[in-house]
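Work through the exercises below with the model open. Try each task before reading its solution.

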Amino acid sequence: MVDGLLNMRSRPYLSENLFDIPVDEGTRGMILPVGKRGGQRSVAFPQMALDAYQSLLTPYKAYSGELGMPSVDNPAFTDAATRFSVDFGLLPALGTAAIAKQSPNVLRMGLGGADTVSGGAVRGPEVDELGFYSQALETAKNLQQAKGTGEQFRKMLLSAGVKPDEIKFTPELEGLLSQPKITRDEVVGLLQENRIRPEQTVYTAPEKSSEGMSFPAQAEQLDVYDAYGRDYVADEAQYLMEDMSEDVAEAFGRTALNATEVDIAKVQKALEERNLIALVDRDSELFIDNEDITDVIGAIEDAAETLVSERYSYDPVLRLSDPDSGYEIVGSDDTGYIIRNEEGNELRGERYSLAEARIEAETDAMDRGIIGFGGGETRFMEYTEGGGDNYREMLLQVPEYAGQKEGFVYSGHFDEPNIVVHARTKDRSFGVGDKAEGNALYVEEMQSDWGQKGRQKGFVTGETRDRYKEIERELKPLQDDIVKLSRESDDLIEMLAEDMAEFNTPKGFFNPLNPDFKYKANRGRIYRVLSDGSEVAEQGRSQVERDYLPSSQYGEDYKEIMSEINKMNAEATPLRKELSDLPSGAEVAPFVGNSEKFAEVGIKRLINQAVKENKNSVVFSSGDVQYDRWNEEGLQTFYDKIIPKVGAKVAKRLDPDAYAGVKFVEDATGDVSGDRFVIKITPKMREKALEGQPLFNAPVAPLPATSLLGEDKPAMSPEQMYQAGII
């Protein structure tokens, strides 16, 4: 009956059934014209009346069993019952329409936008327990077109504001929309059955977070010798002497007693010419005759090692040792951290934050039963700002979606699969400026390990996996040959090193004043001598190198091997580059494609939670707090720019007048003080949030300013209302 409000159908006079097949001849419209069909006269009847007749038969069909077993699981029965209640709930509105111009509200009621049985109130969406509804489902239920191609229904859904991701990730929906003929009821039924339904796991704070590790509060800072060893320092010093002569000469001037500007200049020139022996050769113009510099070359080496230590101090190695469990963490923020268990075995993985390394060490110890929980559930309570209470860890998961291959689990954080976003929160009482905001849900952290891994290394698809395997098949024979030849080149270097070690002359090889020098400790220099036979390189070598370099057979064999390796590498390099450029992070999934997507669904959930708990506001931690904790620069952008941008959009959809911005806050229950992003929960926002929010965002369509008894603006046509997303 709803579809027939504006339609007329011509029907034959002479028929056993007044409501027979429509006659194609005759004028259609609100006037009742007379036409002919096969010599029979016909008159146009309102399609509304025909639909009403069919709806009127619903009780008889239900009684006779034509609709099947009466049950909420029987679509034929529930659809017929719904249509009957809606159609005959329209009679009061139709009575008014007979004597008054229809308003948009009346039309909207007749087109499925309102439940007139309950007094004309707009029907609400099907909201899940987390406060989300499916925009695709709600749109599909209100589509006027009952049948069509899958592509037609796809376009109708998209034009009404349904997000492409909801169609893409809803199980089996793409398959239905690829069919040549489908119905609206099929789309609605599939979405009711298969709509994406997030789940939430919440861990609450125990009396103590866990038995924990016994790591000290502050990490030990190692000196360069303990961190990397004396051989490393010697090699780095030699590198600086060869390639950074000006810096070493300047360091020599700072560390050598009574070194003059002339002395420093001579040292720099000797380093550039790689001829340190000239500094102690009385016949050389570079000779330094300074009684306070008793060992010139030794002083230069000391200066180079001092420079190594100074450069190391910019990123020193830290060490945390747990005497109880035997775990040790060693590394730095720039080079990364290594975790060793009590047996000295290294845990796999990359980590560039000491806090992150501690979490992984604790997780491994728990998994192996070395430490246990202290009777609680939460894991990361210690990584919060001081004060506050009711600490929780809320995990939002998507258990099933189209294209899913395997569950995503981020090792070291949570064991639950497919966590698209997690939030760690506390309850705090804030004053914002001069006005107290009262009880707030404070977000200590909101992050998506899934999204972060995908952003760092790309999201993996089926095509990605296929290409990855294909490249590996092409690379394997090349890699095997390169490894074989590389072993042969290493053998040559070893033989040369052994031969050079025999030259224990007082002049040595590179340091002529060190009689204990062993060439074997300078593999890097041997490599350079062998691999570069150019005239320039020959001139750059010290006299000692030229005098004591053994037979060229090593160099010839080495060059031949390297020539083969270079050819193979030239062939393998494009494949390696393509392989490295391929996404290797997480599986593509809903909400994790970029930071704004997971931020939006996370903020919606937090607002729903705050409303449910009657909080006055939602307040977020700041970027500087997160950076200091996790040493990731991207977190500053996320907390200071992305969260405020997305949070303001979410808040304004619920209430255009709601405050969502950065304010100075003072924590009455703890240590939080400073600029924070604040979303104030208004009465209107509270009301709208309780009605539900779309899981995948959809544009907001403003309702016309009208009422059932009158209009402030011209009535909208059904087509205009459809395009605006009202119906």
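**Exercise 1. Describe how helices α13 and α15 pack, from geometry to residue classes.**

Solution. Start with the axes. Helix α13 (residues 245-255) meets helix α15 (residues 296-312) at about 105°, and the axes lie 8 Å apart. Axes are lines fitted to C-alpha atoms, for helices over the stretch in contact; angles run from 0 to 180 degrees between N-to-C directions. Helices (H or I, at least four residues) and strands (E, at least two) are DSSP runs, numbered from the N terminus. Next, classify the angle. α13 is therefore roughly perpendicular to α15, a label for 65 to 115 degrees; under 35 is roughly parallel, over 145 roughly antiparallel, the rest oblique.

Now list the contact (heavy atoms within 4.5 Å). α13 supplies Asp247, Val248, Ala251, Phe252, Arg254 and Thr255. α15 supplies Val296, Ala299, Ile300, Ala303, Ala304, Thr306, Leu307 and Glu310. Finally, sort by class: nine nonpolar, two polar and three charged residues. Here Ala, Val, Leu, Ile, Met, Phe, Trp, Tyr, Cys and Pro count as nonpolar, Asp, Glu, Lys and Arg as charged, and the others, Gly among them, as polar.

The model is predicted: local features need pLDDT of at least 70, side-chain atom pairs count only at pLDDT 80 or more, and totals for chains, interfaces and linings use all residues. Residues are numbered from 1 along each chain as its sequence is written, and side-chain values use heavy atoms, leaving out hydrogens and water.

**Exercise 2. Repeat the analysis for α12 and α15.**

Solution. Helix α12 (residues 230-243) packs on α15 at about 105°, with the axes 8 Å apart. So α12 is roughly perpendicular to α15. From α12 come Val233, Glu236, Ala237, Leu240 and Met241. From α15 come Ile300, Glu301, Ala304, Glu305, Leu307, Val308 and Arg311. The classes are eight nonpolar, no polar and four charged.

**Exercise 3. Find the largest nonpolar core and the helix that gives the most to it.**

Solution. A nonpolar core is a set of buried Ala, Val, Leu, Ile, Met, Phe, Trp, Tyr and Cys residues joined through side-chain atoms within 4.5 Å. The largest has 60 residues. Met446, Ile603, Ile607, Phe620 and Ile679 have the most contacts inside it. Helix α25 (residues 634-654) gives the most, with 10 residues. Zoom in on Ile607. Beyond four places in sequence, its contacts are Val618, Val650, Leu654, Ile679, Ile681, Met685, Ala689 and Gln693. A separate core of 32 residues includes Ala251, Val267, Leu286 and Ile300.

**Exercise 4. Give the strand order of the sheet that holds β10 to β13, and name its edges.**

Solution. The order is β10-β11-β12-β13, in an open, antiparallel sheet. Strands pair if DSSP finds at least two bridges between them. The edges are β10 (220-221) and β13 (336-340), each pairing on one side only. Five bridges join β12 (residues 328-332) to β13. One partnership is Glu328 with Arg340 in β13. Helix α16 (residues 354-367) packs on the sheet, touching β11 (318-321), β12 and β13. Its direction makes about 20° with that of β13.

**Exercise 5. Is Val398 buried or exposed?**

Solution. Locate Val398: the loop between β14 (389-397) and β15 (419-432). Its relative accessibility is 1%, so Val398 is buried; the class means under 20% relative accessible area, exposed over 50%, partly exposed in between (1.4 Å probe, protein chains only). Beyond four places in sequence, Val398 contacts Ile196, Asn418, Val420, Pro590 and Phe591.
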